[in-house]
Amino acid sequence: EGASADLPGMFGGANNFITAANGAQVVDLNTTAITEANLLTLLRGIRGEVGTDNQGTEAWMGDWVLGKWYAIYENRVRTTASETTGGGTIERVITPHGSINLHYDRQCQPSILYLLRHKDVRVGNWKGLSWVSKELAQAGFYFREGRLGDFTVEWRNNPTMGKVQEIDTSA
């Protein structure tokens, strides 16, 4: 589906394959603060390339960028009159270009936000190789065992995804 569904998948990390050279939308902030307009620019570019039904809907980021999203949307949270809890967590943002689910991962670089289409990302064994369990090391009288296998991430259809990079993490 999308602009390049016929291209083979790619293996490795998001930062290596979610690039403009591979067909993904990239917004480079050149170390300026992230704003709502940056996310909308990314979404608009992806939607123009592959359509609303095929665009990424899952935003992955580190704690700094997630905190910025909370600050941007904190005065626009919908609540009911019966709610009495202060504070809150924003898990989804509704934009003119579709809904985006916000996810935190401590492994995300602080200055990058990834917009992924989970349908086009696969984590698993490379080429279907099976996992094996075998001795890893001997410590004294004990052996340690672990599961081994060729484990990787496969990326398909990069035009459905994008990233905002070089986000200033001090502003």
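Here a biologist and a modeller talk through the terms used for this predicted model.

Biologist: Before we start, what are the ground rules for this model?

Modeller: It is a predicted model, where local features need pLDDT of at least 70 and side-chain atom pairs count only at pLDDT 80 or more, while totals for chains, interfaces and linings use all residues. Residues are numbered from 1 along each chain as its sequence is written, and side-chain values use heavy atoms, with hydrogens and water left out.

Biologist: What makes a stretch a helix or a strand here?

Modeller: Both are DSSP runs numbered from the N terminus: H or I over at least four residues for a helix, E over at least two for a strand. The protein comes to 3 helices and 11 strands by that rule, and along the sequence they follow β-α-β-α-β-α-β-β-β-β-β-β-β-β.

Biologist: How do you know which strands belong together in the open sheet?

Modeller: Two strands pair if DSSP finds at least two bridges between them. The open sheet has 6 strands in the order β2-β11-β6-β3-β5-β4, with mixed pairing. Its edge strands are β2 (25-32) and β4 (92-95), each pairing on one side only.

Biologist: What makes the pairing mixed?

Modeller: Strands of a sheet pair through backbone hydrogen bonds, either parallel or antiparallel. Here β2 and β11 pair in the parallel sense over 5 bridges, and Val27 has Val164 in β11 as its bridge partner. Strands β6 and β11 pair in the antiparallel sense over 3 bridges, with Lys163 in β11 as the bridge partner of Tyr114. Strands β3 (residues 58-61) and β5 (residues 98-104) run parallel, joined by 4 bridges; Glu58 stands opposite Asn101 in β5.

Biologist: How do you know that helix α2 packs on this sheet?

Modeller: By contact, which means heavy atoms within 4.5 Å. Helix α2 (residues 36-50) touches β2, β4, β5, β6 (113-116) and β11 (162-167). Its direction makes about 160° with that of β2, using lines fitted to C-alpha atoms, for helices over the stretch in contact, and angles from 0 to 180 degrees between N-to-C directions.

Biologist: Why is β11 called mostly covered?

Modeller: Buried means under 20% relative accessible area, exposed over 50%, and partly exposed in between, with a 1.4 Å probe and protein chains only. In β11, 5 of its 6 residues are buried, so it earns the description. For the protein, 35% of the 171 residues count as buried.

Biologist: What makes a group of residues a nonpolar core?

Modeller: It is a set of buried Ala, Val, Leu, Ile, Met, Phe, Trp, Tyr and Cys residues joined through side-chain atoms within 4.5 Å. The largest core has 23 residues, and Met61, Trp69, Leu102, Leu113 and Val164 touch the most other members. Two or more residues each come from β2, α2, β3, α3 (63-73), β5, β6 and β11, and α2 gives the largest share, 6 residues. A second, separate core of 10 residues includes Phe17, Leu116, Trp155 and Met161.

Biologist: Why is the pair of Trp69 and Tyr73 called stacked?

Modeller: Rings of Phe, Tyr and Trp (its six-membered ring) pair if their centres lie within 6.5 Å; planes under 30 degrees apart count as stacked, over 60 as edge-to-face and the rest as tilted. Trp69 and Tyr73 stand at 5.9 Å centre to centre with 25° between the planes, so they meet both limits and the pair is stacked. They are 4 residues apart in helix α3, about one helical turn, and both are buried. The count of aromatic pairs comes to 1.

Biologist: What makes Asn30 and Asn157 worth a look?

Modeller: Most residues other than glycine have a negative phi, and most peptide bonds are trans. Asn30 has a positive phi of about 50°, and phi of Asn157 is near 60°. Asn30 is placed in strand β2, while Asn157 sits in the loop between β10 (151-155) and β11.

Biologist: How do you know whether each of them is buried or exposed?

Modeller: Set the values against the limits: Asn30 has a relative accessible area of 55%, so it is exposed. Asn157 has 6%, so it is buried.

Biologist: And why is Thr89 called buried or exposed?

Modeller: Thr89 is in the loop between α3 and β4, and its relative accessibility is 56%, so it counts as exposed.
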